[in-house]
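The following note sets out points on the structure for a colleague at the bench. It moves from a single residue to the sheets, the helices, the aromatic residues and the loops.

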Amino acid sequence: MAAPDADRIAGVIARNVALRRHEQRLSFEQLARRAGVSKGVIVQLEQSRSNPNIATLCRLASALGVAVVDLLAEDAGAAVQVVRAGEVPVLWNGPEGGTARLLAGTRGPDMLELWAWELRGGERYDGAPHAAGTREIVHVLEGRLAIEVDGRRIELDAGDGMTFAGDRRHAYLAVSDCVRFTMAVHEPPAAGAPA
């Protein structure tokens with residue numbers, strides 16, 4: 001099945017960011033400052049003129065006190081959300097054909113996400129540090145994966161798993177021709193945010 005349409009995803013993100021920004025009575029400048037991105041990025045995003053990368057989505061979600069899945073949700077009020085295989089958004093495309101897909105996630109400030117990654121030989125993804133207290137859990141399904149955390153490199157084979165502090169500099173590297181892995185991200189609510 002084909003990945004969901006990038007224009008549709010951009011529209012959903014645009015509506016949700018604008019809605020959350022207005023609910024919190026934030027100007028473009030205030031949200032930009034909180035998220036550590038430029039005002040222009042937010043303006044373009046809210047006008048559906050750009051599709052943000054994973055790091056920008058994470059920063060915006062954190063700045064708005066929501067989960068990334070909240071910014072991707074077409075029905076933000078649903079008690080149950082089912083994501084069918086053909087609807088899983090691809091949020092990163094590597095230069096050699098690798099992908100990162102957000103399979104599912106919880107809503108609200110106590111965020112838990114489940115990702116499916118595929119990296120092709122030589123591909124690297126540099127992850128921006130998440131909010132304080134964030135943990136990542138990785139399980140390698142196929143191939144050999146290297147993970148760098150604060151400059152320390154750990155290599156994992158199929159069947160291996162690892163947990164690490166996601167609030168530090170980290171990267172994923174394909175050591176083999178193809179590596180597939182699942183990743184869970186838990187980001188606790190920011191201090192003072194409702195749980």
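1. Strand β5, which covers residues 135–142, contains V138. The model is a predicted one, and V138 serves here as the point of entry. With a relative accessibility of 1%, V138 falls under the 20% limit and therefore counts as buried. Leaving aside residues up to four places away in sequence, V138 touches L145, I147, D160, G161, M162, F164, Y172, F181, T182 and M183. One of these contacts, M162, lies 24 residues from V138 in sequence, while the C-alpha atoms of V138 and M162 are 5.3 Å apart in space.

2. The strand that holds V138 belongs to a sheet. Which strands make up this open sheet of six, and in what order? The order is β1-β2-β3-β10-β5-β8, and the pairing is antiparallel. The edges are taken by β1 and β8 (161–165); each has a single partner strand, so one side of each has no neighbour in the sheet. On average, neighbouring strands of this sheet are turned by 20° against each other, direction ignored.

3. Two pairings within the six-stranded sheet may be examined in detail. Seven bridges connect β5 with strand β10 (residues 178–187) in the antiparallel sense. Within this pairing, H139 has T182 of β10 as its bridge partner. At β1, three bridges lead to strand β2 (residues 99–105), and these two strands also run antiparallel. V90 is matched there with R101 in β2. The hairpin of β1 and β2 has five residues between the strands, and G97 in this hairpin adopts a positive phi near 110°.

4. A further open sheet has four strands, in the order β4-β9-β6-β7, with antiparallel pairing. Its edge strands are β4 (124–127) and β7 (152–157), each of which pairs on one side only. From one strand to the next, the twist averages 15°. Four bridges join β4 to strand β9 (residues 170–174), and the two run antiparallel. D126 is positioned opposite A171 in β9.

5. Turning to the helices, which residues of α3 (residues 39–46) are buried? They are I42, V43, L45 and E46. Viewed down the axis of α3, the buried residues fall within an arc of 165°, so they line one face of the helix. In general, an α-helix has 3.6 residues a turn, so residues three or four places apart point the same way. The buried residues of α3 pack against three helices, namely α1 (6–23), α2 (28–35) and α4 (54–64).

6. Helix α4 also relates the helical part to the six-stranded sheet. α4 lies across β1, β2, β3 and β10, and runs at about 140° to β1.

7. The aromatic residues merit separate comment. The count of aromatic pairs is eight. W92 and W117 have ring centres 5.5 Å apart and planes at 40°, so this pair is tilted. The pair links distant parts of the chain, 25 residues apart, with W92 in strand β1 (residues 90–93) and W117 in strand β3 (residues 111–120). W92 and W117 are both buried. One aromatic cluster is formed by W92, W115, W117, Y125, F164, Y172 and F181. Among its members, F164, Y172 and F181 are also touched by V138.

8. An aromatic ring also takes part in an arrangement with a charged residue. R21 lies over the face of F28, at 3.9 Å from the ring centre.

9. Two loop residues deserve inspection for their backbone angles. S48, in the loop between α3 and α4, has a phi near 55°, a positive value in a residue other than glycine. S48 has a relative accessible area of 36%, between the limits of 20% and 50%, and is therefore partly exposed. D150 is placed in the loop between β6 (144–149) and β7. Its phi is near 50°, again a positive value in a residue other than glycine. Is D150 buried, partly exposed or exposed? D150 is partly exposed, as its relative accessible area is 42%.

Key. Residues numbered from 1 in each chain as written. Predicted model: local features only at pLDDT ≥ 70, side-chain atom pairs only at ≥ 80, totals over all residues. Heavy atoms only, no water. Pairing = 2+ DSSP bridges. Axes fitted to C-alpha atoms, helices over the stretch in contact; angles between N-to-C directions. Buried < 20%, exposed > 50% of the residue type's maximum accessible area, 1.4 Å probe, protein only. Arc of directions from axis to C-beta. Contact = heavy atoms within 4.5 Å. Phe/Tyr/Trp six-rings, centres within 6.5 Å; stacked < 30°, edge-to-face > 60°. Lys NZ or Arg CZ within 6 Å of the ring centre and 35° of its normal.
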